[in-house]
Amino acid sequence: MSTLNSSPFWSPLAARLSPYEPGEQPHIADLVKLNTNEHPAAPSPRVVAAITEATRDGLQRYPDPESTRLRGAIARRHGLKPEQVFVGNGSDEVLGHAFLAFFQRPQPLLFPDVTYSFYRVWAQLHGIAAELLPVDDGLRIDIDALAQRAAQGCAGVVVANPNAPTGIGLPLPAIARLLRACPDRVVLVDEAYVDFGGESAAALIDAHPNLLVVQTLSKSRALAGLRVGFALGQAGLIAGLARVKNSFNSYPLDRLAQAGAQAAIEDEDWFARQCREVMDTREGLTLQLEDLGFQVLPSQANFVFVRHPARDAGELSAALRARAVLVRHFRQPRIEQWLRISIGSRAQCAALVEALQAILEG
């Protein structure tokens, strides 16, 4: 990635942008990588088989621009119709399309001050005014404040559920309250981590035409390298996303991605087994971290958000990196003393705990 800070050829918009900074992807020997919320297991064998088969013929032709078979598989799994499903290159692209399709309005877009930091980037990129509402002292989304503010007029509401980077989930009645608070604006629920113990708002779609649910195959389906995300909603919202997509890139998913994603969606046994493994590992790691003196927020995601009352988070992160263990440290107001730790394999989590013990005892 370029390290240039400016160029005379940049547009004023490009010069103003503050791009999202993804988690570090270094090349370090014997690395314990717990900083980007990737799945610790390989994808379903059915995914590899489907991609291999898709390479045998057809790569000389454009892929299906509507991802018809994939959308059908997603619709069947969620009890919806294909016209209620939109797919794109990862949930980040789907979210970017949604910001453009629904939130360019005179009023501000609402989202929490502690959440997925890409929301601010999309708002800035698309010229959308954003209003950030504080999470409470326990780093929980303040649904009362968010609903009250939404009822006063807004461009829409975006919440991650479970929230990132905290991992704290919202119950469905809280989502329903947001939907009722601004019935004339879209409430976007970003469910990147919902499969690890959260409640999906997809069950509310038929009753709420303003609900858009966004999910990804990067986390619970172990397909971060394939880049497939999708949105669920009533047909009117999905048609709006399609208008934006077809004005930007009419062939967003290639033939291999469509085949692999469909196989992942249809392998329910692998999905359920691996989600349970991640959740079990998460609960065990939580107990071990608490034994080391860490405060651990209740998580419904494939990561935990922790702090140690006696140690600086930045120093802990650096000390772990020196031992080839990567975690995520956000140098942001209110959470600068917290670390986000992805749930890796049991062996990776054991290596993390061993490294932390050595650091805390040193």
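Rings of Phe, Tyr and Trp (its six-membered ring) pair if their centres lie within 6.5 Å; planes under 30 degrees apart count as stacked, over 60 as edge-to-face and the rest as tilted. The model is predicted, so local features need pLDDT of at least 70 and side-chain atom pairs pLDDT 80 or more, while totals for chains, interfaces and linings use all residues. Residues are numbered from 1 along each chain as its sequence is written, and side-chain values use heavy atoms, leaving out hydrogens and water.

**Exercise 1. Aromatic rings**

Task: Find which residues the ring pairs link into a cluster, and classify the pair Tyr116 and Phe118.

Solution:
- Step 1. The whole structure holds 13 aromatic pairs.
- Step 2. The ring centres of Tyr116 and Phe118 are 5.9 Å apart and the planes stand at 80°, so this pair is edge-to-face.
- Step 3. Tyr116 and Trp122 have centres 6.2 Å apart and planes at 80°, so they are edge-to-face.
- Step 4. Tyr116 is buried at a relative accessible area of 17%, and Trp122 is buried at 6%. Buried means under 20% relative accessible area, exposed over 50%, and partly exposed in between (1.4 Å probe, protein chains only).
- Step 5. The cluster linked by ring pairs consists of Phe99, Phe102, Phe103, Phe111, Tyr116, Phe118, Tyr119 and Trp122.

**Exercise 2. The sheet**

Task: State the strand order of the open sheet and find which strands stand at the edges.

Solution:
- Step 1. Helices (H or I, at least four residues) and strands (E, at least two) are DSSP runs, numbered from the N terminus. Two strands pair if DSSP finds at least two bridges between them.
- Step 2. The seven strands of the open sheet follow the order 2-8-7-6-5-3-4, with mixed pairing.
- Step 3. The edges are strand 2 (85-88) and strand 4 (130-133); each has a single partner strand, so one side of each lacks a neighbour in the sheet.
- Step 4. Strand 3 (residues 109-112) runs parallel to strand 4 and is joined to it by four bridges. Phe111 has Leu132 in strand 4 as its bridge partner.
- Step 5. Helix 6 (residues 143-151) packs on the sheet and touches strand 3, strand 4 and strand 5. Contact means heavy atoms within 4.5 Å.

**Exercise 3. One residue in strand 5**

Task: Decide whether Val158 is buried or exposed, and list what Val158 touches.

Solution:
- Step 1. Val158 is found in strand 5 (residues 156-160).
- Step 2. The relative accessible area of Val158 is 0%, so Val158 is buried.
- Step 3. Not counting residues up to four places away in sequence, Val158 touches Phe99, Phe103, Leu109, Leu110, Phe111, Pro112, Tyr119 and Leu188.
- Step 4. Phe103 is 55 residues from Val158 in sequence, and their C-alpha atoms are 10.0 Å apart in space.

**Exercise 4. Salt bridges**

Task: Which parts of the chain does the pair Arg46 and Asp267 tie together?

Solution:
- Step 1. A salt bridge is a side-chain nitrogen of Lys or Arg within 4 Å of a carboxyl oxygen of Asp or Glu. A search of the whole structure finds 11 of them.
- Step 2. Arg46 and Asp267 form one of these, at 3.9 Å from N to O.
- Step 3. Arg46 lies in helix 2 (residues 45-54) and Asp267 in the loop between helix 9 (255-266) and helix 10 (268-291), so the pair ties together parts 221 residues apart in sequence.
- Step 4. Arg46 is partly exposed at 43% relative accessibility, whereas Asp267 is buried at 9%.

Conventions: Axes are lines fitted to C-alpha atoms, for helices over the stretch in contact, and angles run from 0 to 180 degrees between N-to-C directions.
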